[in-house]
Structure formats: structure tokens, C-alpha cells
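Trainee: Got a minute to go through this one with me? I'd like to start with the cysteines and then wander.

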Amino acid sequence: MSTIITSQNTTTMSMTNDYMAFDPFNYRCSKALLLPIISEATWNPGVRAFLYLVALFWCFLAVAIIADIFMCSIEKITSKTRKIRVAHQGGGAEVREVKVWNDTVANLSLLALGTSAPEILLSVIEIVGNNFRAGDLGPGTIVGSAAFNLLVISAICIMAIPSGEIRRINNMKVFAVTAFSCIFAYVWLIIVLVGISPGRVEIWEAFITLLFFPLLIVIAFLAEKNFCIKHKQGDTDNSYTVNDEENPDMALTDRKSYYQDARKDGEPKGKDNPSFDDIDVNDADVPTISIAEHHEHKTDDDDNMLKPKKSEVQNAAKLMMRNQNHNSGYYRINAIRTLSGSKRIIPTKKRNIREIYDLVKLSEKATRYKDASEGGVKPVIEFTTPTVAVLESEKKVRIGIRRSGNIAPPVSVRVETGDGSAQAGLDYKEYNEVIHFAANEELQEVLIDIIDDDEWEEDEVFFVRLTAVPGQVFAFGDHTICEVTIIDDAEPGLLRFAKPSIIVKESANRIKIPVQRVNGADGNISVYWKTKDISAKNGKDYDGGEGELKFVSGETNKFIVIPLLSNSNEKRERDDSFEVELGQCTGGAQLGKLNRTIVSIVNDKEFVGMVGRIMSRTFSYLDAIEDTSYIDQFKNAMNVNGGNIEEATFVDYIFHFLTFIWKIIFAFIPPVHFLGGWPTFLISLAMIGFLTALIGDLASLFGCLIGLEDSITAITFVALGTSMPDTFASKTAALMERYADSSVGNVTGSNSVNVFLGLGLPWVIASIYWEAKGSTFQVPVGSLVFSVILYTIASVIALSLLVIRRNVKFFGNAELGGPTAGKISCGVIFITLWVLYVLFSALQAKKIINFQI
């Protein structure tokens, strides 16, 4: 009996011990700020880790979507304008709208907050949720994101630029400030954590760290405004240019970038591939337009072969938007919407559309004329031609400057050169002089020295620009920038058409078809041409046949002029077309690949309709950045790609269904036009904070379950997840913008803000808390300082390489793009630096590398 009792007692005690060992609220990886919601004590650890990983990436998508809304509100706030009165020199004034927010201030304040909000809020929430004690997840994410942004995103942007193209930083002063601060910010962390007060952050150190944020904005603003640079005598800026609003030419740097962009859709120079420069239309009644694709005319009944399809109109809208400058926020919004299958603000590019954009620009030019002299009252100054070609062996190029309108008074104008693919000091001698017109003098010439060398080179260009001289009253004509092409004249050259297809209005009286001579211009040559009917008939619709086009030595551009015949008794019901073909060459010249072109005669009404559709679609995309009502928000949330099914891809559908519930939840946030966007800004910021706290919990629990330290999880999973939108945004900006400021240039500023705001703010909060308790804020230095040191070394190498790229021809003399070998080698170096950063950081966190201060 006693044995039975003992056995029962033993069994009872064993059951009691097992029950005491099982605690549904205290088990492995069960402690976080918000999670887990229910007890997971009986769950398999592998299943838990998988579910946390899936939830982590799902929440990354949610943060991306709410960040889209947040960025839209910032775009709304920073786009606010006010009206000012501007006085004219001749008397009177006009009212102009100017932006309230300076672009540099906006980029480094609200826009930086928008792109870095998850990292910053994660750091703040971790401090507060950890009883004001320092953690590894927030700081690790900030440093890890900085490394990924500077190294991986820069590598992607460098290699994404098509061969033969480049993108340069435009505002180098601001970039220099942010590049210095992006290194100094992390050096400051080392000074604070190792040098001044090892292992702790005192309250004054925290406040100084935070104050570096507004200081960075002020210094960048001063640099942009040239407050610290003394101008030389006679220097001018764009704001002084006389009658600037009447000057249709773009700025010199824009022209340079346009030259580079004009070859975007073709092969690099030197190959038999058409360039995409504008056609010089001398007659207002001859608006020649080219369409990008070389259409194959198979039958005479194909009436609509050259009418722009809907995709072409969308692509033209895209290119028109590309020719406007956009900040990084614009591209981040589009990247986020692409990731979530939402309504994109940049239409999908499906075809080559520079020529359709030319349609809009040239049609505007053909229908718009303004007398710059105001009836002969003002002098008008311009170059005699917008383009000049010179043989390298001639050693000088002669450029004419013409004065029209009022030629009685003396007047002066400054002439200055600027690099294109040719560089001052290597290919030509820099020129910057003031030219004086005497009374009644109409023509002036400037001679610019060309540097002749013994090496064969492809044709290169530089630019000559007219700028205003203080105290002079005159107006600029149409041609204030002259493009000079330096031709290596060792070969007679190749002859080809400039455009694969051309459109001309029915009411025009002639068509000018440009023929180019490339890869040499030595000697007199000629080429025979002939026309071939397609649907247009020779003798009825046009006066064709055959002829010979002659080039004298040094000439590089000529026109085949074909009269168009008017059919006044017949109304054109369709777009008729004919073909022009180049044939036998003389003088040693050869034909290029583009030896035939299609000319289409378009009904005037259809021509105007094409322009109207392009313009209408363009403005619809420009307005697509924000929804104007709750109805629009819910409509876009419930439909893939905002309801634009035609452009939706299979991937769009997948991401749309994955994020559907988030889209519906976020559709309840007020539209951005309410109260200037501030309600949207505050509510979306609060929701980002909540989701960031959730991501912090998911990352910590996932790392705990698979045995990863928070510092490793931070620099890998979390850093990559928060940086994905920036990756797609920067790549898109690099491809679409003329400059690298919105892609690579924005990375340095964002990395600085991450430290100054992302660590400065939580440090201020925690140091005040511990100061109130009579203690100090302790910060472990091991993993964080080691990671910061690695990042600092990598950033110095990376930024130095960017500077080298800008000044070395092998890399294209630009931060992005350039020759294939140069950009690939730089991309490999950048990515290798990031891999080494992650590897050594992980080894140190695992104590394989014993790093001690």
C-alpha cells in the first residue's frame, strides 16, 4: 500500500514539475515591444521563424506604401508657392509665383525625413521601448542602411546607365557639403563613443549630434547660394540674363546633358547608328517631325502605320516629364508604387520615343514666333547658326555672332565655352571674353583654338554660350548656344540619314531631310539619292525622283529638299508616305546602316490631334502624384495600377493582392490636398511609427529564433528592407534625370541625416531621462563602433572613387555611366566593399573577430 502511495506521489510530483517548466508567457524568444500577440510556447521554432520572416517582408511592403503617402504629403508641402512682384528694368512690374521651400532645404529636411523615417523611428522606438537603454537594432539599421545606400545603390546607378552615356553631379557645392558630412557624421560617432566619453553619451554630446542636422541644412543652403564664394569681375548668373523669359535656349549645362541624352536610344558615337539631335527647321511652315521606329511599309493600305499608338503617347509624356527636374521624392514615390502594384506616376516605357517628343517641341516652334526686338526697339543678339563643325587639323573654329533689331547703339555680350564630350585644355582652349559691337555693327566673329593631336578620336563636341553683361540692354535671339563638333578628319566619312522616319504636315510646301556625314570629313564627296512610292505618289503628292547631294571638305550636314504638291481638290483621308534611299557614294565615302528613311504626309487635323493627345496625357501623368478625394483613394487602392489595366504587368497583380489590405487601410488617411498636406503628413508619420515598431519586433524575434544577433539582423534584413524603395528610386532617377543629384547625390545627404536625426534624437531623449535620474546614458561600443569604423573606411574609398570618376576620361568624366569597362569595374569595387562590410561586421558580432576598444 505504501508502495502504491509512493508511486502516486512520485507521479504527482513529476506532473507538477512539468507543469511548472511550461510557462505560456515566458519561453524562448517571447519578449518584444508589441509581439507576440498570443502565446507561441507550443509552436515549432522553425515554423515561427518562417512566419516572422514572411511577416517582416509583408510589413516592409506596408511601410513602403505608407511612405508613398508620406512622401506625397511632403511633396505637397514643399511645392507650396507664393506670389511676388518683379520690377522690369524699363519700368513696370509683373507678378510671379516662386516656391516657398528652397530645394536644398527641402531635400535635406522633409524629404530626408521621408526617405529615412523608418530607420529614424525604429531607433527612437527601440530606445523608448527598451526603458531608455541603448539597443543594437536601431543604430545597426542606420549604419547598415548607410552602407547599402552608398555602396550598393551607387554601384547599381553607375552600371545602370547605358553605354556611352554619363550622368554628372550638377550642384557640386551642395554635394561636397553632404559628402563631407556623410563621413564626418560617422567619425563623430567614433569620437563620442570612444574618444570623449567611452561607453556613454552625455547630454551635451547628444544635443550637439542633433544640432548638426540643422547646421548641415544651413551650410548646404549657403553653399548653393554661393555665400562663401567671391565672384570674379564680370561674372554673371542666370538671374541677370536680359529678357531671360524670351530666351528659348536651355542653360549651358542642360544643353550639355541634352547632347548626352540625345544619344540615349542609339549606339555610342562612331558606329553606324543615327543620332537623335533636333532637326533644324528654318521655315515656320515646314514642321518636320520624326517618329522613333523605322516602320516597315508592307502595303499601300496600311493607313495608320505612323499614327502614334496609346503607348507612344504615354512614352512621349514620360519623356516630357523627364526633361523637367525632379527631386528624389518623386522617384521614390514611383518606385514604391511599382513595388506595390499601385498607380505609377511614370508611364512604362515600351518604345523609343524621343522623336515623338520632337513632334511636340517642333510643332510649338512652328506655331510660335515672338519679335524679341519689340518692333526694332531693342538690339537682338544671337549666334548665326546653332551648330558648327570644324576639322581638328584646322586648329581654329570661327563662330559668327549676329545683331539684329536696333543696331544703332553699341552693345557688349559675353562669350564663354563649356565642355561637352570635348574638354577644355585637351581638345580645345577655353574661351571667356566680352565681345563689343560698335554702333551700327551687325556681325562679329570669335576664333576658338582647337587642339590637334596625333591620336584618332571620335567626333567630339563642346558648347559656346552667350551671356549678359551687366549694364547692357538687349534681347537674346533664338540661338544663344552654339554646338561645336570637332571632327577627326583622317577619313572621308560615312553618309547616313539623321532620322529613320519623318512626319510632315500636309499643308507644308516642302520637306527637308537631313543627311549626316560622320566618322570623318576629309575631302569632297557626294551621294546619290532617289525616292520610292509607298502610298504617296510621285508627281501627285510630292515632287521626287533622284539627285546628287554634295559635301565639300569639312561639311557634315546637308539636306535633301523635296517639294510637296498640294491636292486642293482632294481631301486627304489617310497618311500617305514615300521612301528616300541613299545610293552610290563618291570620293571614298561609304554608306552607313541608316541609308533609307520614310517620309509620311499627315493630315493637318490629325497632326494637331497627335500633339493634343500627347500634351493631355502628359498633364494627366503630372497630376497622378496625388489623389484628390477619398473616392479616388479607394478606387486606386482596390484596382491594380490604379485602374490602368493596360499598363499593368503580371508582377503588378501579384504585389497588388499581397498589399491589398494595407492599401484599403491607408485609403482612410486624408487626401494630401486637405489643409496643405499637413494632416496626411502627421497621420502617415504616426502609422510609419507603428509599423516600424512592428518591424523591430519581427526582426528581433526572427533573429532570436535563428540565432542571429540584433546587430547582424539590422545590417542585413532590416537595412535591405528599408532601403529597397530607395534602390529602385535611385536607379530610375539615374536613368531619367539629366544629372546624378537625385540618385547618387541624394545618398550622401540621406546618410548624414540618418545619424544626426536618427541617433541624435533618441540620444537626446535617453540622455535627458538618465540625467533626470542622476545617471548617464550607457551605449555599448563593441559592435556599433566596429561597424561604424568599417563604414567610414568604405565611404572614404567610395567617395574618393566618385571624385576620380569625375576627373578621369576612362570613367567618362562623370559619377555615373561612361565606358563599359570603367563602370563595371567601379560597380564591382563598390559591391565588394559592401560584402566585406557585412562579412566583417557579422564576424565581429559572432566574436570570431575580437575587437576591443
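**Cysteines, cores and sheets**

Mentor: Cys-29 is buried, with a relative accessible area of 9%. Buried here means under 20% relative accessible area, exposed is over 50%, and partly exposed is in between, using a 1.4 Å probe and protein chains only.

Trainee: Before we go on, what sort of model is this, and what are the ground rules?

Mentor: The model is predicted, so local features need pLDDT of at least 70 and side-chain atom pairs count only at pLDDT 80 or more, while totals for chains, interfaces and linings use all residues. Residues are numbered from 1 along each chain as its sequence is written, and side-chain values use heavy atoms, with hydrogens and water left out.

Trainee: Ok. Which residue does a disulfide join to Cys-29?

Mentor: Cys-704, with an S to S distance of 1.9 Å. A disulfide is taken as a pair of cysteine sulfur atoms within 2.5 Å, and the structure holds one.

Trainee: Where do the two cysteines of that pair sit?

Mentor: In distant parts of the chain, 675 residues apart: Cys-29 is in the loop between α1 and α2, and Cys-704 is in helix α16 (residues 678-706). Helices (H or I, at least four residues) and strands (E, at least two) are DSSP runs, numbered from the N terminus.

Trainee: Is the disulfide of Cys-29 and Cys-704 left-handed or right-handed?

Mentor: Left-handed, because the torsion about the S-S bond is about -80 degrees. Cys-704 itself is partly exposed, at 35% relative accessibility.

Trainee: What about Cys-59 and Cys-182, buried or exposed?

Mentor: Cys-59 is buried at 3% relative accessibility, and Cys-182 is buried at 0%.

Trainee: Switching to backbone oddities. Which peptide bond is cis?

Mentor: The one from Leu-35 to Pro-36, with omega near -10 degrees. Pro-36 is in the loop between α1 (2-21) and α2.

Trainee: And which residue has a positive phi of about 60 degrees although it is not a glycine?

Mentor: Phe-132, which sits in the loop between α4 (110-129) and α5 (137-160). Asn-440 also has a positive phi, about 65 degrees, and is not a glycine either. You'll find Asn-440 in the loop between β9 (432-437) and β10 (443-449), and Asn-440 is exposed at 51% relative accessible area.

Trainee: Now the packing. How many residues are in the largest nonpolar core?

Mentor: It has 113, and those with the most contacts inside it are Tyr-186, Leu-193, Trp-763, Tyr-791 and Tyr-837. Helix α2 (residues 45-78) supplies the largest share of this core, 14 residues. By nonpolar core I mean a set of buried Ala, Val, Leu, Ile, Met, Phe, Trp, Tyr and Cys residues joined through side-chain atoms within 4.5 Å.

Trainee: What does Tyr-186 touch?

Mentor: Leaving out residues up to four places away in sequence, the list includes Ile-142, Val-143, Asn-751, Val-788 and Tyr-791. Contact means heavy atoms within 4.5 Å. Apart from the largest core there's another one, of 27 residues, among them Ile-381, Val-388, Val-411 and Ile-450.

Trainee: Let's do strands. How many residues of β13 are buried?

Mentor: Seven of its seven, over residues 481-487. Both faces are covered: Ile-481, Glu-483, Thr-485 and Ile-487 are on one side, with Cys-482, Val-484 and Ile-486 on the other. That split fits the usual pattern, since side chains in a regular strand alternate between the two faces of the sheet.

Trainee: Which strands pair with it?

Mentor: Strand β6 (residues 387-391) pairs with β13 in the parallel sense over five bridges, and Leu-391 has Ile-487 as its bridge partner. Strand β11 (residues 460-467) runs antiparallel to β13, joined by six bridges, with Glu-460 opposite Ile-486. Two strands pair if DSSP finds at least two bridges between them.

Trainee: Last one: what is the order of the open sheet of five strands?

Mentor: β15-β22-β20-β17-β18, with mixed pairing. β15 (501-505) and β18 (546-551) stand at the edges with a single partner strand each, so one side of each has no neighbour in the sheet. Inside that order, β17 (residues 525-533) and β20 (residues 576-586) run antiparallel and are joined by seven bridges, where Val-527 stands opposite Cys-585.
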